[in-house]
Each structure stands twice: as C-alpha cells, then as structure tokens.
Amino acid sequence: MDLKENHIKSNKKTIMRYLYLVTIFFLVLTGFGQMPVFKRYYIADIPGLGWLGQFFVTHYMHYLFAILLLGITAFIITGYFLANRKQIKITPSGYIRGAVLFGLVITGVLLVIRNLAVSNFPSGLIIFLDLSHLTLVMVLLMAGLYCIIFKKKWYYRSR
C-alpha cells in the first residue's frame, strides 16, 4: 500500500470516528430532551438552547440521528464483511459495545413502533422498553468512557 492509499484510509477512519461521536452526542442530548430534564432545570432558558425544551424538535432530531447511527453501523458492518476478516479481529470491548448497540437498536425500534398509532403495547412492556433503552444508553456511555481511559479499541488488525 502506498502513502496516498494509507492517507485516504486514515482520513476515512477519522471521518467515521467523528461522525459516530457526533451522532452519539446528539442522540444522548436529544434522548434526554425526550424527558423534561432541560425544561425542568431551566437549561432550555439559556439563550440558544430553547430547542432542547421543545419535545417534538428533540423527538424528530432523535429519530434523524438514530437513522444516521443505523447508516454508520450498516456501513461499518458491511465493510467488515467485505474486507478480509482474517486481518480484522474484534476485541472483547468491541463485542461488548457492539452487543450494547444492538440492544439499543432493538429497544429503539420497538419504541418507534410503540409510537405508531396502530400499536397496542401493554404498559408493562412500554416501561420495560423505556428502562432498558435508558439503561443500555448508560452502559454504552460507561463502556465508552472505560475504553477511552484504558485505550481499548473496537478491533485490531492482525498481520
């Protein structure tokens, strides 16, 4: 691989990393905006942050960033399966974060279905989905913090 190809791969990896981080940031921000946290604690009263207190604004932004996360995830998974999988090894922290993301996607999709007019989920299931989704978000954030502190990666390349 020459220097130009290596530079392009490095730029692609950096762009995907920052896109993922920005997406997670806005998902967390708009997810907490679904609860009346920002309005209750007067954060939405700070100039420029009034949109955080608007339920439907944060609701639709959360959906848009969730779609973006699904796209990023599909892109990375497709790249993994198209690449030589013998060269890329997923780390234990990568499997854990991947499983948590999978749980978030499943609970998120079920919560979107619950919001449709035709759905009729029992109240116990709705509470379970809400608490599961929130718990998985906290687990993902704590796992991410752990991996940043101890420099754990999603994968490594074997030669």
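**View 1. A nonpolar patch on the surface of this predicted model.** Here Met35, Leu134, Met138, Leu141, Met142, Leu145, Tyr146, Ile149 and Phe150 together make a nonpolar surface patch of about 830 Å². Take a look at one member, Phe150: it belongs to the loop between α5 (123-149) and β2 (155-157). Phe150 counts as exposed because its relative accessibility is 52%, and the cut-off for exposed is over 50%.

**View 2. Two rings meeting edge-to-face.** The model has seven aromatic pairs by the ring-pairing rule. One of them is Tyr20 with Trp154, sitting 6.2 Å centre to centre with 90° between the planes. This pair ties together distant parts of the chain, since Tyr20 is in helix α1 (residues 3-34) and Trp154 is in the loop between α5 and β2, 134 residues apart. Tyr20 has 19% relative accessibility, so it counts as buried. Trp154, at 30%, counts as partly exposed.

**View 3. A stacked pair along one helix.** Phe56 and Tyr60 have ring centres 6.3 Å apart and planes at 25°, so they count as stacked. Both are in helix α3 (residues 55-82), and because they're four residues apart, about one helical turn separates them. Phe56 is exposed, with a relative accessible area of 56%, while Tyr60 is partly exposed at 49%.

**View 4. An aromatic cluster.** Zoom in on Phe25, Phe26 and Phe65, and you'll find that they form one aromatic cluster.

**View 5. An arginine over a tyrosine ring.** Arg17 lies over the face of Tyr18, at 5.9 Å from the ring centre.

Notes. Residues numbered from 1 in each chain as written. Predicted model: local features only at pLDDT ≥ 70, side-chain atom pairs only at ≥ 80, totals over all residues. Heavy atoms only, no water. Patch = residues over 30% accessible without salt bridge, like charges linked within 9 Å, V, L, I, M, F, W, Y side chains within 5 Å. Areas by Shrake-Rupley, 256 points an atom, 1.4 Å probe, with all protein chains shown as cover. Salt bridge = Lys/Arg side-chain N within 4 Å of Asp/Glu carboxyl O. Helix = DSSP H or I, 4+ residues; strand = E, 2+ residues; numbered from the N terminus. Buried < 20%, exposed > 50% of the residue type's maximum accessible area, 1.4 Å probe, protein only. Phe/Tyr/Trp six-rings, centres within 6.5 Å; stacked < 30°, edge-to-face > 60°. Lys NZ or Arg CZ within 6 Å of the ring centre and 35° of its normal.
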